[in-house]
Amino acid sequence: QGRGGDIRFIARSIEPLAPAAERAAAGVRVRLYDAASVSDVQKFLAQAPKGRGRVTLQLELDGGEEAEMELPGAWQLSETVKADLRALGGGLDVSEY
């Protein structure tokens with residue numbers, strides 16, 4: 001606390017929120033509704049910028065079971081990349097982890 005009850009902050013650096021958020025998320029989980037969407041995701045990620053974010057695919061199988069697979073590689077998971085992933089296959093669920 002500064003003089004007279006004022007609160008003071010000292011910043012070593014300031015950066016836009018979006019790049020900082022990209023580094024904060026370890027990855028995203030993409031929930032697929034049919035196996036055909038896997039190739040759409042693979043094609044999209046082949047063009048996406050490389051980075052540190054991981055992508056895990058989750059697919060519902062017959063009988064209510066689920067399969068989950070982390071893809072090899074890592075990408076820059078910007079808000080734009082996540083929005084573009086959500087738009088694939090008529091709309092996929094994309095959640096951060």
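Which residue takes a positive phi in the hairpin of β2 and β3? G63 does, near 80 degrees, and the hairpin has five residues between its strands.

This is a predicted model, where local features need pLDDT of at least 70, side-chain atom pairs count only at pLDDT 80 or more, and totals for chains, interfaces and linings use all residues. Residues are numbered from 1 along each chain as its sequence is written, and side-chain values use heavy atoms, leaving out hydrogens and water.

**Exercise 1. Lay out the sheet and find its edges.**

Step 1. Start with the terms. Helices (H or I, at least four residues) and strands (E, at least two) are DSSP runs, numbered from the N terminus. Two strands pair if DSSP finds at least two bridges between them.

Step 2. Read the order. Four strands form an open sheet, β3-β2-β1-β4, with mixed pairing.

Step 3. Find the edges. β3 (66–70) and β4 (93–96) each have a single partner strand, so one side of each lacks a neighbour in the sheet.

Step 4. Add the twist. From one strand to the next it averages 20 degrees.

Step 5. Check one pair. β2 (residues 50–60) runs antiparallel to β3, over five bridges. E60 stands opposite E66 in β3. L57 has M69 in β3 as its bridge partner.

**Exercise 2. Place the helices on the sheet.**

Step 1. Fix the terms. Contact means heavy atoms within 4.5 Å. Axes are lines fitted to C-alpha atoms, for helices over the stretch in contact; angles run from 0 to 180 degrees between N-to-C directions.

Step 2. Place α2. Helix α2 (residues 37–47) packs on the sheet and touches β1 (27–32) and β2; its direction makes about 175 degrees with that of β2.

Step 3. Place α3. Helix α3 (residues 79–87) packs on the sheet too, touching β1 and β4, and makes about 150 degrees with the direction of β4.

**Exercise 3. Sort the two sides of α2.**

Step 1. Set the cut-offs. Buried means under 20% relative accessible area, exposed over 50%, partly exposed in between (1.4 Å probe, protein chains only).

Step 2. List the buried residues. In α2 these include S37, V41, F44 and L45. They cover an arc of only 95 degrees around the axis (taken from the directions from the axis to the C-beta atoms), which puts them on the same side of α2.

Step 3. Turn the helix over. K43, A46 and Q47 are exposed on the other side.

Step 4. Name the cover. The buried residues of α2 are covered by parts including β1, β2 and α3.

**Exercise 4. Trace the salt bridges.**

Step 1. State the rule. A salt bridge is a side-chain nitrogen of Lys or Arg within 4 Å of a carboxyl oxygen of Asp or Glu. By this rule the count is six.

Step 2. Link β3 to β1. E68 bridges to R29, with closest N and O atoms 3.2 Å apart. E68 lies in β3 and R29 in β1, so the pair ties together parts 39 residues apart in sequence.

Step 3. Link β2 to β3. R54 and E70 meet at 2.8 Å, N to O. R54 lies in β2 and E70 in β3, so this pair ties together parts 16 residues apart in sequence.

Step 4. Stay within α3. K82 bridges to E79 at 2.9 Å between the closest N and O atoms. Both lie in α3, three residues apart, about one turn of the helix. K82 is buried, at 2% relative accessibility, whereas E79 is partly exposed, at 47%.

Step 5. Find the network. Salt bridges link R31, E60 and E66.
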